[in-house]
Amino acid sequence: MKRGKRPELMWGFGLNETERAQIQEATGPGFFLRNFTPKALPRAGTMKEAETPSAAWIPWRVWNSIPEQSREGFRGLEDTQRILIQEESETPVEMEAVLEEGFLTVVRSPLTRTKVQDALFRAKEVTSLYSDIYRMTEEIFLERELLARKTDQLLFLNKVLTSATETLEPSALLLSARRDFRMLLPVRLLNAVFWQRDAETDKVSAEIFLSCRMEGPAEAAWAEFMLESAARMGGKVHSYTVQHVCGPENASSEPPAQGRVVALPLKAGNQYYGCLALQSDQPVSLGKDQIQTLHAAVNHLGLALRNALAFREIKLRADHDGLTRIHNRRSLDERLVQELKRHQRYRLPLSLLMLDVDHFKKVNDTHGHLAGDEVLRRIGAILQDSLRSTDFAARYGGEEFAVLLPHTPQKDARKLAERIRARIQESEFEAEAGSFQVTASIGVASLGVGSLQKEKELLLQADQALYTAKNNGRNMVVVSGGKTRARTVGE
């Protein structure tokens with residue numbers, strides 16, 4: 001039944017004609033009274049409809065006839081104020097009982113205008129009070145939610161700041177960041193790319209950090225995505241390398257998904273130098289405060305990553321030879337001590353090669369120092385290309401190189417030395433005076449299982465073997481304590 005624009009709806013529960021007329025006359029045209037017969041009373045669920053009555057007039061005689069289960073349903077209704085009507089002949093109901101039954105007040109017949117309007121006024125007051133309490137409760141819950149959100153964001157920022165100060169290793173920082181960002185977003189993947197522009201060639205090179213254990217197609221898609229991000233912010237990438245960031249958790253093998261990737265540029269001063277890419281479990285939708293928190297975290301993390309990359313570059317320069325890009329003498333000394341301790345503890349063989357370029361002064365005098373530098377660079381590359389990841393090559397000084405071979409007996413060390421010597425001999429170098437070749441002499445020293453020799457003794461043995469190779473005609477491999485191996489190619 002549509003009531004048009006009538007503002008107030010009231011219900012009557014089994015009102016007789018006199019009661020209905022008295023209430024309608026007292027309330028006037030601003031109210032609409034819908035009266036139900038005693039045999040067709042509404043159910044409690046009906047009173048939860050879209051148009052809820054503001055008040056319900058219920059005679060005591062009718063209330064007593066309603067089953068207890070139905071009464072319980074009416075008692076639980078909060079949006080409708082229930083007014084009890086008692087006939088003049090009935091014994092007055094105690095106010096305590098009235099309230100226990102869930103009524104707002106009681107009105108005794110006859111239902112005069114004053115009595116009806118007074119009851120309605122109370123109903124409106126209570127409804128307004130309930131509305132205010134409800135609104136205040138909502139505001140309190142909202143404030144609590146905002147406070148909890150702010151607390152979570154502060155905890156997140158504090159965690160990011162703490163993690164950023166715990167290490168100077170880029171991979172470790174990225175692993176911590178992936179874990180920390182989960183406090184703000186459902187992050188599944190965190191990949192990164194860093195780039196730099198060469199001042200001389202103006203070419204951009206990039207280093208990509210990808211989560212490991214990704215399948216081939218997913219890894220290729222992420223590499224392309226990171227290169228595109230680098231190209232937008234730093235320019236076209238001419239060369240790049242890929243590093244894998246491996247942690248205890250299994251990484252997702254999903255390719256970049258539209259709507260679920262957040263790209264966060266990293267900036268130093270006015271220049272972009274990197275980009276983080278976060279992929280979440282679901283489409284990303286952030287509030288303004290969350291975006292501000294995320295940017296603050298990225299700024300701190302970006303500074304930590306910048307410092308880590310700078311530290312790594314400084315350490316690389318300190319540990320590596322600037323010309324050949326392999327390790328230097330200081331790094332070799334440190335590594336040799338470590339490997340000797342490991343050799344003695346686990347009773348594993350250890351070998352050392354000492355390599356010297358034959359007649360290197362003649363190369364410099366004949367073809368110039370630039371050609372000599374190229375020879376040293378090429379030999380460094382040959383060593384790197386010939387070794388395992390556990391082996392350690394270093395420029396020992398001048399034209400002399402050293403190669404440390406953990407878990408390698410003398411027999412295998414000699415075979416490797418022969419391969420290196422042959423590769424150097426077969427290499428051709430270009431100079432203004434024409435192409436030329438060089439040779440190298442190599443000394444080999446090994447420690448058997450259980451040997452307690454010190455690092456100086458191993459170096460001395462390898463150096464003596466190299467000296468023997470030089471004295472016996474060069475371009476050969478000599479094993480310490482063994483017979484001199486005949487030259488394969490003379491000079």
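Phe13 and Phe74 are both buried in this predicted model. Their rings form an edge-to-face aromatic pair. The structure holds 8 aromatic pairs. This briefing covers some of those rings, the strands around S6, and two charges placed over tyrosine rings.

**Aromatic pairs**

- A pair of aromatic rings is described by the distance of the centres and the angle of the planes.
- For Phe13 and Phe74, the centres lie 5.4 Å apart and the planes meet at 70 degrees. An angle over 60 degrees counts as edge-to-face, so this pair falls in that class.
- The Phe13–Phe74 pair links distant parts of the chain, with the two positions 61 residues apart in numbering. Phe13 belongs to strand S1 (residues 8–13). Phe74 belongs to helix H3 (residues 68–75).
- Phe156 and Phe181 make a tilted pair, because their centres are 5.5 Å apart and their planes stand at 50 degrees.
- The Phe156–Phe181 pair also links distant parts of the chain. Phe156 sits in helix H5 (residues 113–164), Phe181 in helix H6 (residues 170–181). The two are 25 residues apart.
- Phe156 and Phe181 are both buried.
- Phe194, Phe209 and Tyr273 come together in one aromatic cluster.

**Strand S6 and its partners**

- Strand S6 spans residues 187–197 and is mostly covered. Of its 11 residues, 8 are buried.
- S6 pairs with strand S10 (residues 271–280) in the antiparallel sense. The pairing runs over 7 bridges.
- Within that pairing, Asn191 has Ala277 of S10 as its bridge partner.
- S6 also runs antiparallel to strand S7 (residues 204–211), joined by 6 bridges.
- Across from Val193 stands Ile208 in S7.
- S6 and S7 form a hairpin with 6 residues between the strands. In this hairpin, Asp202 takes a positive phi near 60 degrees.

**Charges over rings**

- Which ring lies under the charged end of Lys267? That ring is Tyr272, with the charged end 5.0 Å from its centre.
- Arg306 lies over the face of Tyr273. The distance to the ring centre is 4.7 Å.
- Tyr273 therefore has two roles here: a member of the cluster with Phe194 and Phe209, whose rings pair within 6.5 Å between centres, and the ring beneath Arg306.

Notes:
Residues numbered from 1 in each chain as written. Predicted model: local features only at pLDDT ≥ 70, side-chain atom pairs only at ≥ 80, totals over all residues. Heavy atoms only, no water. Buried < 20%, exposed > 50% of the residue type's maximum accessible area, 1.4 Å probe, protein only. Helix = DSSP H or I, 4+ residues; strand = E, 2+ residues; numbered from the N terminus. Pairing = 2+ DSSP bridges. Phe/Tyr/Trp six-rings, centres within 6.5 Å; stacked < 30°, edge-to-face > 60°. Lys NZ or Arg CZ within 6 Å of the ring centre and 35° of its normal.
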